[in-house]
Amino acid sequence: MMKNEKLLKLVLTGVFAALSYVVFTFLQIKITLPGGDATSIHLGNAVCVLGALLLGGLYGGLGGAIGMTIGDLFDPVYIVYAPKTFILKLCIGLITGFIAHRLGHITTENNHSKIFRWTVVAAAGGLLFNVIFDPLVGYFYKLLILGKPAAELTLAWNVASTSINAVTSLVVSVAVYMALRPALKKSGMFLTTGAQKKAV
């Protein structure tokens, strides 16, 4: 049973990677910045958060990180940011998963309002990390690693787009999770994490 669940989680990690790639690549609004740089409004982070809520932090984070990193690798503007993307998106998943599953126990909780509350807190925690660290890491990455003098000029734009992405991703990921949860439970496809199995 555990082997089957692990295999299912791996398969779903691939599905979330594909989904985050598609959402990030084809459903984004790209904003061109000074120095040939760009930022974008997208829902890739929502897929990452949703993956962490459904599969746990590691699997969900990997799904989002792999998908959006592949998106970067296929884009001539973003290709240089692929390593940064992988690390930051994985962290979104790990933080969301930790809050949702280790602190909130959303898989074993039956109280609807508690599930909703912890889902919002978990999603907000992962996305708040990204709002702070994506522009910050991006700034130093551009300045120190890429040697781009326009790093200061793009910082404000990156903060703005990351904040917009966080708000939209929070609303979408929480709404989709709360809608999917009862349907997955009814169909017997609702997954647990290793931490929660001990509590069952």
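Let's start with Asp134, which is buried, with a relative accessible area of 13%. Keep in mind that this is a predicted model. So what does Asp134 pair with? One partner is Lys84: the two form a salt bridge, with the closest N and O atoms 3.3 Å apart. Lys84 sits in helix α4 and Asp134 in helix α5, residues 112–145, so this pair ties together parts that are 50 residues apart in sequence. And Lys84 is buried as well, at a relative accessible area of 10%.

Asp134 has another partner, Lys89, and there the side chains meet in a salt bridge at 3.5 Å, N to O. Again we're going from helix α4, where Lys89 is, to helix α5, where Asp134 is, with the two positions 45 residues apart. Lys89 is buried, just as Asp134 is. Put those bridges together, and since they share partners, Lys84, Lys89 and Asp134 end up joined into one network.

For anyone who wants the general background, side chains of opposite charge can pair when their charged atoms come close.

How many salt bridges does the structure hold? Three. We've had two with Asp134, Lys84 and Lys89, and there's also Lys30 with Asp75, where the closest N and O atoms are 2.5 Å apart. This one links distant parts of the chain too: Lys30 is in strand β1, residues 29–32, while Asp75 is in the loop between α3 (57–73) and α4 (82–103), and they're 45 residues apart. Is each end buried or exposed? Lys30 is partly exposed, with a relative accessible area of 37%. Asp75, on the other hand, is buried, at 13%.

Okay, back to α4 and α5, this time looking at the helices themselves. Their axes come within 8 Å and cross at roughly 160 degrees. Anything over 145 counts as roughly antiparallel, and that makes α4 roughly antiparallel to α5. The contact between α4 and α5, broken down by class, has 16 nonpolar, five polar and three charged residues. As for handedness, α4 passes α5 in a right-handed crossing.

While we're in this area, have a look at the loop between α4 and α5, because that's where you find His105. What's the phi of His105? It's near 45 degrees, a positive value in a residue other than glycine. That's worth pointing out because most residues other than glycine have a negative phi. His105 is partly exposed, with a relative accessible area of 34%.

Now the other neighbours of α5. Take α6 next: α5 and α6 pack at an angle of about 160 degrees, with their axes 9 Å apart. That makes α5 roughly antiparallel to α6. The crossing of α5 and α6 is right-handed. By class, you get 18 nonpolar, nine polar and four charged residues in the contact of α5 with α6.

Then there's α2, residues 44–55, which packs with α5 at an angle of about 135 degrees, the axes being 10 Å apart. α2 and α5 are therefore oblique to each other. The α2 crossing of α5 is right-handed.

One residue I'd like to pick out on α5 is Thr119, which lies in that helix. How accessible is Thr119? At 0% relative accessibility, Thr119 counts as buried. If you measure from there to Val49, C-alpha to C-alpha, you get 9.8 Å in space, for two residues that are 70 apart in sequence.

Last stop is α6 itself, which runs over residues 151–187. Where does α6 kink? At Leu180, by about 30 degrees, shortly before the proline Pro182. Then, just after α6, Gly188 takes a positive phi of about 75 degrees.

To pull it together, then. Helix α5 packs with α4, with α6 and with α2. Asp134 on α5 belongs to the network with Lys84 and Lys89. And away from that network, Lys30 and Asp75 make a salt bridge between strand β1 and the loop that follows α3. Happy to take questions.

Methods. Residues are numbered from 1 along each chain as its sequence is written. This is a predicted model: local features need pLDDT of at least 70, side-chain atom pairs count only at pLDDT 80 or more; totals for chains, interfaces and linings use all residues. Side-chain values use heavy atoms; hydrogens and water are left out. A salt bridge is a side-chain nitrogen of Lys or Arg within 4 Å of a carboxyl oxygen of Asp or Glu. Helices (H or I, at least four residues) and strands (E, at least two) are DSSP runs, numbered from the N terminus. Buried means under 20% relative accessible area, exposed over 50%, partly exposed in between (1.4 Å probe, protein chains only). The bend at a residue is the angle between axes fitted to the seven residues ending there and the seven starting there. Axes are lines fitted to C-alpha atoms, for helices over the stretch in contact, and angles run from 0 to 180 degrees between N-to-C directions. Angles under 35 degrees count as roughly parallel, over 145 as roughly antiparallel, 65 to 115 as roughly perpendicular and the rest as oblique. A crossing is left-handed if the near helix is turned anticlockwise from the far one by less than a right angle, and right-handed if clockwise. Ala, Val, Leu, Ile, Met, Phe, Trp, Tyr, Cys and Pro count as nonpolar, Asp, Glu, Lys and Arg as charged, and the others, Gly among them, as polar.
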